[in-house]
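Got your viewer open and a selection tool at hand? Let's walk through this model one stop at a time.

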Amino acid sequence: MIIRKGVLTCVAVLLAAAAAAQPLSPLAEARTHVGDADINVVTFRAMDAFFPSAPVAAGRAAKLPERRSALSPEVRFADGAAPFEAALDRTYTNALLVLRDGAIVDERYRNGSGPDSRFTSWSVAKSITSILIGIALDKGMIGGVGEPADKYAPALKGTAFEGATIEDLLTMRDGTSYTEQVPNGESTLDRIKRRSSYANFTGFSDVTGLGLTRIHAPGTHFNYSTLTSSLLARVVEGASGMTLAAFTEKYLWKPAGMEASAYWQLDRSPPEGLALGGSGFNATLRDFGRIGQLMLDGGRANGKQIVSKAWVEKSTRHFGGSPVIPGAPRGYGYQWWTMLGTDRFEAIGIHGQFVSVDPATRTVVVKLSYWPEKGGQQLTIETLALLDAVRGAVSAQEGKQ
């Protein structure tokens, strides 16, 4: 059996290497450019034109109340204050939604987008997958987060992930040698995207051929990983016997009263294709706002308990002691970022996607962006300053009423 596993692993490595050596097709090559700075203002709301996808249908919408009052706070940057519109431009904003107590205070669409645009969320999808794990746990499909992930995703047996618990994956502490980014050269994520998302040669969550090893005891070291989140999607599917899109539709999207259909990007065309889980969820601005409001309201939406309050509280509480980003007051829960020293928590995606939930001001701010770079300290700092200015303006506005 050990010999057979070794042979299969060698075959997988050789096939993956052969795939990587092949030139990309025109469509696959186009996929590598969706984040390019000169086109992402449009591609980020047209991802289904590039990648296979699975729809998530909406049911009867729960209307968001409106208490509109166009906000126009100055935003204080390091080099001085900027008018609000200039700050939106400076932080590459495609759309902005501000909710206070579940009501729309401000809503803006820019660069040709509109209420029907379905924006990609990048790693905001991780937080949605976390909600789905919570729902599966609430319904008894999963016994507990202390169970090994390979109980529900048996393909992980015999890999570096074997024995890691669902909680280890939720908190990004699986203990493997996976790399999300490297200063020079190709990261594990780069290799996965080339063979999966771009070329559709294999599944995104197929860990064979990646050469991953166990370098830490599971649960001990934070290591941000989109692969780990995709494995959580496989846990949901294994526990429920449903595709991630079907599970999302039945247990989250329809009962929560989302107003528009959404979609998950797939790693290959159906029927083999699976939802990415750690990225690739696309929805309207308002429905991303509803996700944030659901979390602010302790898992309730549309008059229903969608996911338990206990799960929301656990998900949005920092796991561990010290900050997970050196020099920044950032913590991490179950696929949600926390702001240490506050009750604030956020779903964050590359290129400036934010669903920021602040219990202190009872606000949800969704900012969907097209940053010219994936991350970047300066754009992050300036976006956080903009979000603070928005929350401050909403609070000041309420104080005048």
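Start by selecting residues 53-56, which make up strand 1. Look at how the side chains alternate here: Ala-54 and Val-56 point to one face and are buried, while Ser-53 and Pro-55 point to the other face and are not buried. If that pattern rings a bell, it should: in a regular strand, side chains alternate between the two faces of the sheet. Keep in mind as you go that this is a predicted model.

**Next door: strand 7**

Now add residues 262-265, which are strand 7. Strand 1 and strand 7 run antiparallel, with four bridges joining them. Which residue of strand 7 is the bridge partner of Pro-55? Click on Tyr-263 and you've found it.

Stay on Tyr-263 for a moment, because it leads on: its bridge partner in strand 8 is Asn-282. Select residues 281-283 to show strand 8, which runs antiparallel to strand 7 and is joined to it by two bridges.

**The whole sheet**

Add residues 119-120, and you have strand 6 on screen too. What is the order of the four strands in this open sheet? Reading across, you get 1-7-8-6, with antiparallel pairing. Strand 1 and strand 6 are the edge strands, each pairing on one side only.

**Two helices on the sheet**

Select residues 244-253 for helix 9, which packs on the sheet and touches strand 1, strand 7 and strand 8. The direction of helix 9 makes about 15° with that of strand 1.

Then try residues 285-296, which are helix 10. Helix 10 also packs on the sheet, touching strand 6 and strand 8. Its direction makes about 115° with that of strand 8.

**A helix on the inside**

Next, jump to residues 124-138, helix 5. From first C-alpha to last, its 15 residues reach 22 Å, close to the 21 Å expected at 1.5 Å a residue. Turn on the surrounding residues as well: 13 of the 15 residues of helix 5 are buried, so the helix is largely enclosed by the rest of the structure. After helix 5, pick out Gly-140, whose phi is positive, near 80°.

**Zoom out**

Finally, show everything. The protein chain has 12 helices and 15 strands. Its radius of gyration is 21 Å, close to the 21 Å that the globule rule gives for 401 residues, so the chain is as compact as a globular protein of that length. Along the principal axes, the C-alpha atoms fill a box of roughly 75 × 45 × 40 Å. Colour by burial and you'll see that buried residues make up 55% of the 401.

Conventions
Residues numbered from 1 in each chain as written. Predicted model: local features only at pLDDT ≥ 70, side-chain atom pairs only at ≥ 80, totals over all residues. Heavy atoms only, no water. Buried < 20%, exposed > 50% of the residue type's maximum accessible area, 1.4 Å probe, protein only. Pairing = 2+ DSSP bridges. Contact = heavy atoms within 4.5 Å. Axes fitted to C-alpha atoms, helices over the stretch in contact; angles between N-to-C directions. Expected span 1.5 Å × (residues − 1). Rg over C-alpha atoms; globule rule 2.2 N^0.38 Å.
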